[in-house]
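Student: I would like to go through this model term by term. Please set each value against its definition.

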Protein chains: 2
Amino acid sequence: MKHAASEGTPSSMSELNRSRIIDFLFHHGVSSRAQIAKATGLTAAAITKITARLIDYGVIIETGTMEGALNRRSIGLKFNDSQYQVIAVKFARSLVQIGIFDLSGHSTAIHDFPSVNNEDVVDIVSQVKEFINRAIETNPAIVAVGMAVPGPYLADEGRIISVTSMQMWKEINFKDEFTQTFAVPTFIEHDARSGALAQSLFGMHTDENSLAYFLIGEGVGAGVIDRDNLISGSRGVATEIGHVSIDVNGRPCECGNVGCLERYCSTGAVKAMLQEPGNEGIVEDLEALLPREACKRLFQKSDAGDAEAQRIVREIARYVAYGCINIIYGYNPGQIIIGDIIAEAGNTLLDEVRRIVAERVLPDLMKSTAIELSDLPTDATLSGAAAVAASQFLRNPSRFVAGMDNPRQ
Amino acid sequence: MKHAASEGTPSSMSELNRSRIIDFLFHHGVSSRAQIAKATGLTAAAITKITARLIDYGVIIETGTMEGALNRRSIGLKFNDSQYQVIAVKFARSLVQIGIFDLSGHSTAIHDFPSVNNEDVVDIVSQVKEFINRAIETNPAIVAVGMAVPGPYLADEGRIISVTSMQMWKEINFKDEFTQTFAVPTFIEHDARSGALAQSLFGMHTDENSLAYFLIGEGVGAGVIDRDNLISGSRGVATEIGHVSIDVNGRPCECGNVGCLERYCSTGAVKAMLQEPGNEGIVEDLEALLPREACKRLFQKSDAGDAEAQRIVREIARYVAYGCINIIYGYNPGQIIIGDIIAEAGNTLLDEVRRIVAERVLPDLMKSTAIELSDLPTDATLSGAAAVAASQFLRNPSRFVAGMDNPRQ
């Protein structure tokens with residue numbers, strides 16, 4: 001991922017070069033100084049100087065000798081992903097989670113807050129602050145906080161402008177609440193866009209610079225990386241695929257639009273589907289369940305081979321496929337990665353999605369678009385919150401490592 | 001616009017700095033060396049050296065003294081947009097146009113080829129080649145050719161994969177036919193994306209780095225610039241808004257998808273609308289007219305105050321509005337600029353588009369999204385083909401100006 005800040009003017013050249021070396025090691029694993037020189041175009045002298053300082057601060061480490069070209073041995077360098085840690089916060093509608101991650105996306109601890117109701121929103125914000133302050137006080141390795149919030153989120157103002165069924169979240173100004181609150185820098189990003197960053201930084205992919213993360217859970221959204229650029233829009237409301245209409249004469253949405261995809265395949269839409277005539281009884285005690293609990297029960301039954309449950313999963317898949325088709329013509333990513341609660345429906349869902357997409361998309365495009373389920377070890381939005389912070393570290397390391405940018409040290 | 005090539009390694013630093021100075025003068029008009037230094041961060045010595053060479057080659061010129069800060073007088077510099085010219089080619093379904101443009105998007109000549117039928121496609125390609133070769137031979141100011149082609153266009157392979165109602169265009173490999181054919185470099189881009197470049201380089205806009213050009217003519221597509229990045233996708237098939245479905249149960253499209261926007265508001269769709277029961281007679285001699293001719297007649301009648309014609313224009317506007325809403329949630333541009341044949345319906349169309357968008361889009365987003373008609377003096381796709389070539393010149397000037405990159409000269 002390239003970032004605006006990497007278009008540095010000569011005054012920040014040393015930071016730019018530092019970032020390029022760290023970024024290369026992050027993506028390429030153990031490498032020699034010669035390999036770094038070849039990839040970055042920096043001189044051997046510059047690399048010796050910069051890597052010495054990065055080693056001093058523990059950002060990278062030497063790994064012993066490795067085989068070089070022409071059998072010459074050289075010393076390997078690698079990114080030291082466990083030296084620094086970040087706090088990741090996932091805000092979903094009813095679910096708030098906090099994780100502690102290293103800079104490669106491995107979580108060392110995850111904390112679930114109790115399910116949030118509309119009236120608990122203000123209180124949960126206080127609890128999150130308290131938890132983070134305590135974590136930073138007790139863990140000096142923590143250098144940043146990353147947060148993932150549902151959209152449409154106005155990044156410039158710091159507020160969510162519509163949250164289906166949980167309108168209280170609109171009252172929270174995330175920028176005001178969090179960005180000046182902690183002893184370390186805090187970064188806030190849209191949830192699906194965070195997921196795309198996580199897939200790009202931490203996931204398996206065909207091309208880290210061309211992928212869409214398709215979040216389908218309590219909300220529906222997408223994050224798209226197009227040739228190194230995380231598509232954001234003028235105010236941070238781009239790639240809101242959940243509010244791109246699939247049927248201009250369809251179901252009205254709380255946002256004011258009609259036929260929003262979110263109305264057809266979010267967890268809430270699935271619960272409503274299970275309440276329809278003919279579908280009663282597929283999930284027992286349905287009324288008492290939260291939508292995400294109803295989905296989990298449904299997917300368990302589908303996995304166990306229940307034909308009726310599988311029929312519903314395929315019906316959900318149809319809408320997921322329509323979303324994929326809109327993503328293909330909208331963004332033409334090399335890969336679409338489906339994640340969050342609905343992705344737990346597994347291959348029954350994925351196979352049907354691929355089948356319907358193949359029916360409706362031009363063969364040349366179908367061939368060059370992989371559609372997969374997320375493979376991240378933890379939830380992509382929570383990992384995404386970590387990725388939001390980690391990507392800032394890769395881009396601007398001296399901001400997080402005290403003293404590293406002081407030329408006299 | 002930033003480009004991948006501007007992320008230069010030190011070996012191309014002189015070209016990068018040259019490009020930054022030209023780009024600054026292109027966008028900011030007459031400026032002093034001090035203003036350039038302030039904006040680019042380059043030293044006075046570097047600017048003196050680079051501008052001297054650019055003046056030698058006529059790329060920029062001195063304009064005499066101008067008022068500087070603290071009333072100090074300094075010499076103004078400006079981009080010399082008429083020193084070099086480009087050939088622009090617009091390929092639409094039935095219409096091929098060639099224009100000669102200066103680097104600021106002013107056309108000095110425009111040539112229309114006769115209407116193309118499916119069986120003329122191969123012949124028209126030969127005619128275009130012949131025309132361009134003759135123009136280059138007789139006009140030494142021409143330094144590049146830019147071409148705009150309808151999509152979905154696989155930029156890597158050089159071919160269009162679907163063209164509603166004109167399938168012969170699929171048989172042409174534009175890369176093979178044109179990129180090695182002329183004495184000057186040739187660049188090919190998707191038509192709507194070319195239009196976005198033209199709006200960004202040559203048009204009036206609130207923000208050249210955040211806009212969508214919404215092409216609605218014989219085909220329907222979009223080009224989107226998101227924070228300096230022209231969204232392209234992995235194969236050049238992004239922002240194909242004409243094949244983003246607005247109704248998954250709607251009209252089947254030749255591409256295999258269902259409910260594609262192109263099926264509702266392209267010129268062909270408008271002609272079909274005029275043939276529907278109840279609409280007969282609004283445009284006379286309809287059957288004999290090409291779709292674009294039928295549209296022009298309809299818009300003339302609407303402009304003259306005919307209520308029935310205005311009713312049809314508002315019906316078209318409804319679908320254009322649905323496209324705008326999908327563009328807003330898909331890309332969140334600061335501005336949507338509607339262009340090509342359907343934009344000729346003027347304010348009757350625009351007012352209705354704005355009305356419907358306001359009904360369905362969240363007020364915060366509506367407020368920060370301007371919707372306008374294209375203001376370019378010539379067709380945005382033809383200007384766009386010129387912009388494709390001009391943007392390459394701004395990015396990599398020494399490729400087009402023989403000798404400029406030779407350090408010993």
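Student: What makes the span of helix α10 (residues 307-331) of chain B agree with its number of residues?

Tutor: Helices here are DSSP runs (H or I, at least four residues), numbered from the N terminus. The expected span is 1.5 Å times one less than the number of residues. For the 25 residues of α10(B) that gives 36 Å, and the end C-alpha atoms are 35 Å apart, so the two agree.

Tutor: As to conventions, this is a predicted model, in which local features need pLDDT of at least 70, side-chain atom pairs count only at pLDDT 80 or more, and totals for chains, interfaces and linings use all residues. Residues are numbered from 1 along each chain as written, chains are lettered from A and ligands numbered from 1 in the order written, and side-chain values use heavy atoms, without hydrogens and water.

Student: Why is α10(B) called largely enclosed by the rest of the structure?

Tutor: Buried means under 20% relative accessible area (1.4 Å probe, protein chains only), exposed over 50%, partly exposed in between. In α10(B), 18 of the 25 residues are buried, so the helix is largely enclosed.

Student: Which residue follows α10(B), and what is the sign of its phi?

Tutor: Asn332(B) follows, and its phi is positive, near 45°.

Student: How do you know that a two-fold axis relates the chains?

Tutor: Copies are superposed by least squares on C-alpha atoms of residues with pLDDT of at least 70 in both. Chain B lies on chain A with an RMSD of 0.0 Å after a turn of 180° and a shift of 0.0 Å along the axis. That is the relation of a two-fold axis. In chain B, the C-alpha nearest the axis belongs to Asp247(B), 2.0 Å away.

Notes: Helices (H or I, at least four residues) and strands (E, at least two) are DSSP runs, numbered from the N terminus.
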